There are 2 protein chains.
Amino acid sequence: MDVPETSGYRLKNKVLGPALTTDQLEHERLGKPTALAVFASDALSSTAYASEEILRAMLPVIGFLAFTAFLVPITLALVTVLVILVFSYRQTIKAYPSAGGAYIVTKDNLGLMPAQVAGVALLTDYILTVAVSVSAGMAALYSAVPFFYPYRVEMALLFIAIIAWGNLRGVKESGRIFAVPTYAFIISMFAMIITGLVRGMVGGFSHVPMPAEHEAIGSGAVGLFLVLKGFASGGAAMTGVEAISNGVPAFKKPEAKHARETLVIMGAILGTLFVGISFLAAKYHTVPSAKVTVISQVAKHAFGNGPASHAIFFFVQAATMLILVLAANTSFADFPRLASFHADDAFMPKQLTKRGHRLVFSNGIVALAVAAAIPVVIFKADVNHLIPLYAIGVFTSFTLSQAGMSVRHIKLKEQGWKLGLFINGLGAFTTGVVTIVIGVMKFWHGAWFVIVLVPVMVALLVRLNRQYEAESVELEHEVDDAMQAPVRTRHSVLVLVSDLDRPTARAIQYARTLQADERRAVHAAADPEKAERLAHRWQELNMIRVPLDIVDCPDRRLARSVMDVVAEELADGRTEVTVLIPRREYTHWWHRLLHDRTSDELAKAVGRLPHANVTFVPYHFGSTPISAEERAAYHAAKHH
Amino acid sequence: MDVPETSGYRLKNKVLGPALTTDQLEHERLGKPTALAVFASDALSSTAYASEEILRAMLPVIGFLAFTAFLVPITLALVTVLVILVFSYRQTIKAYPSAGGAYIVTKDNLGLMPAQVAGVALLTDYILTVAVSVSAGMAALYSAVPFFYPYRVEMALLFIAIIAWGNLRGVKESGRIFAVPTYAFIISMFAMIITGLVRGMVGGFSHVPMPAEHEAIGSGAVGLFLVLKGFASGGAAMTGVEAISNGVPAFKKPEAKHARETLVIMGAILGTLFVGISFLAAKYHTVPSAKVTVISQVAKHAFGNGPASHAIFFFVQAATMLILVLAANTSFADFPRLASFHADDAFMPKQLTKRGHRLVFSNGIVALAVAAAIPVVIFKADVNHLIPLYAIGVFTSFTLSQAGMSVRHIKLKEQGWKLGLFINGLGAFTTGVVTIVIGVMKFWHGAWFVIVLVPVMVALLVRLNRQYEAESVELEHEVDDAMQAPVRTRHSVLVLVSDLDRPTARAIQYARTLQADERRAVHAAADPEKAERLAHRWQELNMIRVPLDIVDCPDRRLARSVMDVVAEELADGRTEVTVLIPRREYTHWWHRLLHDRTSDELAKAVGRLPHANVTFVPYHFGSTPISAEERAAYHAAKHH
């Protein structure tokens, strides 16, 4: 008997591609240049908005002329943090060559609970990475083609949907797809910086024309507070630095060595670009605007006004948009995996551990897409409003992960542990300070939300874990004895009957194959006249082996009436009750919509009683051949 | 064993009131004054917007001075139609004292198919009655209190929700609730007309001040076309005239006599109000505006400017709003009943025949609320945009119902049938002409939608009916023989096992109570290592009576693997298979959310095979007592 696939499954195969079997789970091994492309998109892409965010934080206060003096120093301070981070993560890669994410490192060294904090902070940040990157990608798009500005939210949601769909299909972390935009972005940024520097040194740095709808410009004094505010805003540039440490096994052998080298290269590129862009933005006196990004103003000004420059400008914007979208894609690889770690440890719903049709964690992908769409809609795809929520999570996880590494050095005292402790201790201290700076500086701009959300989520996860644990204890309790437990001595079979029809006949037939001490049909009489007709016909049929029992049901709650009958059977404590429910199986989904779900409701209600076993006896429409004449006769009778 | 009610059911009792038993289904008998209040709200309330709609249709073309000459004649033409309708429906009441709705009358005399047309046309109109009445009610509100104007859509939806909730609770068609607003409206309208007439005759009719944002005023010539357009717009005043004929059994005895008298009284009041309002609106040269209704302008002008007049004005607006909301309520009584007639005849989903918790047709009520909310949202609660969709449906059903009555007179030839035929024939002809006028005049303004919708819906209903018929024929086919059919000779019991745990133990225990020719446990191995561990433990337990069968499942589609196993068992054509699925019953709804629905999916898949009977063996969490020590030991083991 070969059963055809359902139409739902066939559709799934079309939309997502043919199903993959578990043994097809494998990882591509990447060389350094491709690995850089795959893992660096998140980190590098943040240079597209980091300098702008520093400007946005300071410009409304300190004014048009003073800001030049502070953009570059703040950038350099952030690059210092970056250098410390790179060295810290080199330690992590060495210690955890198989998987060195913050969750694993924290769990291993600080325990399960701190790991939940690190994990939740990181998950929050992955959600925001998608929201920020896609929104920034749309900003790159409408800076070049203003036509798209009014549709930025819809476009952003569309991109999230496309990325999610690609990930459900199981986009391979394939070098080719990633290499083109990442290198296009790196090359175009370097081209922009070099062109800008050379032209500036030759002809002097002129100012960018002020954009039409630019931000307010202030005239206040510069203070430590303001500088820290700018610093906190620029912290977003550091997100994604941890990506390589998560993916060491994807490198060609020797994995750890290649990963560490790639990390240094990535850090060098990121730092150089960040400083270069900030330098040009400062020299050009670029003013942020809602409708044109700072980086697109810089690019336009650096390349000048010729027709070739115009083409280059569009190329830069396209590369920026693509790398930002790729950065979002990185979160779609990381979030579901991290969520599955939580779920494996029973701190998140088990469904997140399940590999879908194409071997990816489908539930995690869908969850991320939905979660990222919410801030995009709420903040209308405005990067500036999303940034304060961002970075605090990632720095929290940096801190925990580096602290975990420090503890590890102290515990294990491996060769060179003192240097390692110094590096990771410095890393933990620095990122801890940055976390506090961001939390304080951005508190009222939205960081409060993340600061509240993370502990609430952690508390929720702990509650989940308690529930899972309680279930596991019970499920495994003396299971060997239970397997051999003596059976109940009496068996009662009840057939639920609504009408005298073929499904009922099928159920009666099945009931007769079962051995039982008691066997009867039960009809809950919501309509007394109908019940009487049924009883009469039952009598005519002389159904001695399965007598009919009519139960009053004046409140039309069939499930309740049936439960009462079943409960009575069970009352002696030694009876196993089998309740047979005839269930119609339809050939088309819409046929089912024409009927209510009484059989499911009944099953659910009866299932609430222990030792009440519900059996669905299927009746398949189309299994009884009906002649055309019979059909016509019926129709004629109904329509006069 | 007394099983507690679920929290869902307790909530239902709180929100909707305690459940009613079927024998509590009864009807209040109404005297003429209360009956008038109950049945007339729909018809009378339309005077709140009918004159305005005529003005809106004509004013943009014929101009400020000319329209005075046409508003009243058009109103009189419509009142003539009203008189014919009243006399026609007196005939219907006589012939159908138990239920004389268009569906019943048309089905009885013209057949099932024309009845579907009449019914669908009427259902469409009930939906629009709710949308129009609630929107017009909001217009009455914001004409008096402009603050509410921006919130009109939300307010309208809120009112629809409240009315639906009241009807789900089973609002009695109670005289008291209805009498106050209906009579308040009637009295205040008469007071307005009389005051206006007296003051006009004494001091002359002055013009209303032109509202700030009024409609455009034209200067074209008057033609037949334009007059017909005005006429078509005013047709909305006639909706609701059929209400009494639907509700004859609710009158005190002799029902038909009382109903006919009430109908005449209602017609007289409706006609008088309509003419009076149109007369004053014309004399006052009232110009429609988006933000103030015509009737509120008339009321303000008629009562003058003193402080007492101000209070009276607010009273008029309040009464108008309330009667409009009541009119919507009328549809909530009629729509579910009419839908249940369709469903009884198997032309609509059977679910619409089911009486809910409080004996009302709950599904119909919810369907109407959802359907009415859609046009309110689409047309932003703007009566003017809803009107062209309106009235065409009700006139279609008038025409069919009167045509049915004419056929009846010819067939039965009862005493006085010639006069009856003349009256109903005139009725059918007049309403038929009006239907065509409305269809043509309003075609491009939205009537096209209804003209397309009705046949499409009827076609859909016929398709449904065919499906129900096909099912019924099959269900009843040689059912007596089927009840006595011989049983299958072999019985195979398969226990689906995912883990070695208590639910599995329960299922094994139950399996051992069943008599079977074959009995085994089946594990679909999505994870080969886990499968091996399971097999090993099974062997240790020495489960001879229920051996374990491990089935490969590399594509992780458990349901598919299980189906293959079951299909193999069924292959001999003489085996009845029982598939036991251990099913966990949780104590809280959110506990269930923490697990996927594998057991349901498996049941659904296996149920696709004939003679594969799925039994859920319940395991109830909390049924195994666990000591605190055991719990603590487990926790310690997990958290190191």
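User: How should I read the domain bounds of chain A?

Analyst: Domain bounds come from an automatic or database domain assignment. For chain A of this predicted model, that assignment gives domain 1 (27-468) and domain 2 (484-638). Taken over C-alpha atoms, the centres of domain 1 and domain 2 of chain A are 60 Å apart.

User: What does the radius of gyration say about chain A?

Analyst: Start with the make-up. Chain A has 25 helices and five strands. Its radius of gyration is 33 Å, well over the 26 Å that the globule rule gives for 640 residues, so chain A is more spread out than a compact globule. The C-alpha trace of chain A spans about 110 × 70 × 45 Å along its principal axes.

User: How many of the residues of chain A count as buried?

Analyst: Of the 640 residues, 49% count as buried. Now take contacts in chain A between residues at least 6 apart in sequence: 83% of them join residues at least 24 apart.

User: How do I read the relation between chain A and chain B?

Analyst: The general idea first. Two copies of a chain are related by a rotation about an axis and a shift along it. Here, a turn of 180° and a shift of 0.0 Å along the axis lay chain A on chain B with an RMSD of 0.1 Å. That is the relation of a two-fold axis. In chain A, the C-alpha nearest the axis belongs to Thr615(A), at 2.0 Å.

User: Why can I say that the copies meet through the same surface?

Analyst: Compare the interface residues. Of those in chain A, 99% are also interface residues in chain B, so the copies meet through the same surface. The contact takes 83 residues from chain A and 82 residues from chain B.

User: Which elements of chain A supply the side that touches chain B?

Analyst: Several supply at least two residues each, including helix 18 (447-476), helix 20 (502-513), strand 4 (575-585) and strand 5 (612-620). Helix 18 of chain A gives the largest share, 11 residues. By class, this side of chain A has 39 nonpolar, 21 polar and 23 charged residues.

User: In which sense do strand 5 of chain A and strand 5 of chain B pair?

Analyst: Check the direction, then the bridges. Strand 5 of chain A and strand 5 (residues 612-620) of chain B pair in the antiparallel sense, over three bridges. For one pair to find in the viewer, take Val614(A): its bridge partner in strand 5 of chain B is Phe616(B).

User: What joins strand 5 of chain A to strand 4 of chain A?

Analyst: Nine bridges, and the two strands run parallel. Two residue pairs show the register. Arg584(A) has Tyr619(A) as its bridge partner in strand 5 of chain A. Glu585(A) has His620(A) as its partner there. Both strands are mostly covered. In strand 5 of chain A, eight of the nine residues are buried. In strand 4 of chain A, nine of the 11 are buried.

User: How many bridges join strand 1 of chain A to strand 4 of chain A?

Analyst: Six bridges join strand 1 (residues 490-496) to strand 4, and these strands also run parallel. One marker is His491(A), which stands opposite Glu576(A) in strand 4 of chain A.

User: How do I read burial for one residue? Is Val495(A) buried or exposed?

Analyst: Count C-beta neighbours inside 10 Å; 20 or more make a residue buried. Val495(A) has 26, so it counts as buried. Val495(A) lies in strand 1 of chain A. Leaving out residues up to four places away in sequence, Val495(A) touches Ala507(A), Ile508(A), Ala511(A), Ala521(A), Val522(A), Val546(A) and Leu580(A). Its C-alpha is 8.0 Å from that of Pro582(A), 87 residues apart along the chain.

User: Where is Arg488(A)?

Analyst: Arg488(A) is in the loop between helix 19 and strand 1 of chain A. With 18 C-beta neighbours inside 10 Å, Arg488(A) counts as partly exposed.

User: Which residues does Arg488(A) touch?

Analyst: Again leaving out residues up to four places away in sequence, Arg488(A) touches Arg574(A), Thr575(A), Glu576(A), His611(A) and Thr513(B). Sequence separation is another thing to check. Arg488(A) and Ile544(A) are 56 residues apart in sequence, and their C-alpha atoms are 26 Å apart in space.

Terms used: Residues numbered from 1 in each chain as written. Chains lettered and ligands numbered in written order. Predicted model: local features only at pLDDT ≥ 70, side-chain atom pairs only at ≥ 80, totals over all residues. Least-squares fit on C-alpha atoms with pLDDT ≥ 70 in both. Contact = placed C-beta atoms within 7 Å. Helix = DSSP H or I, 4+ residues; strand = E, 2+ residues; numbered from the N terminus. Nonpolar A, V, L, I, M, F, W, Y, C, P; charged D, E, K, R; others polar. Pairing = 2+ DSSP bridges. Rg over C-alpha atoms; globule rule 2.2 N^0.38 Å. Buried ≥ 20, exposed ≤ 12 C-beta atoms within 10 Å, placed from the backbone.
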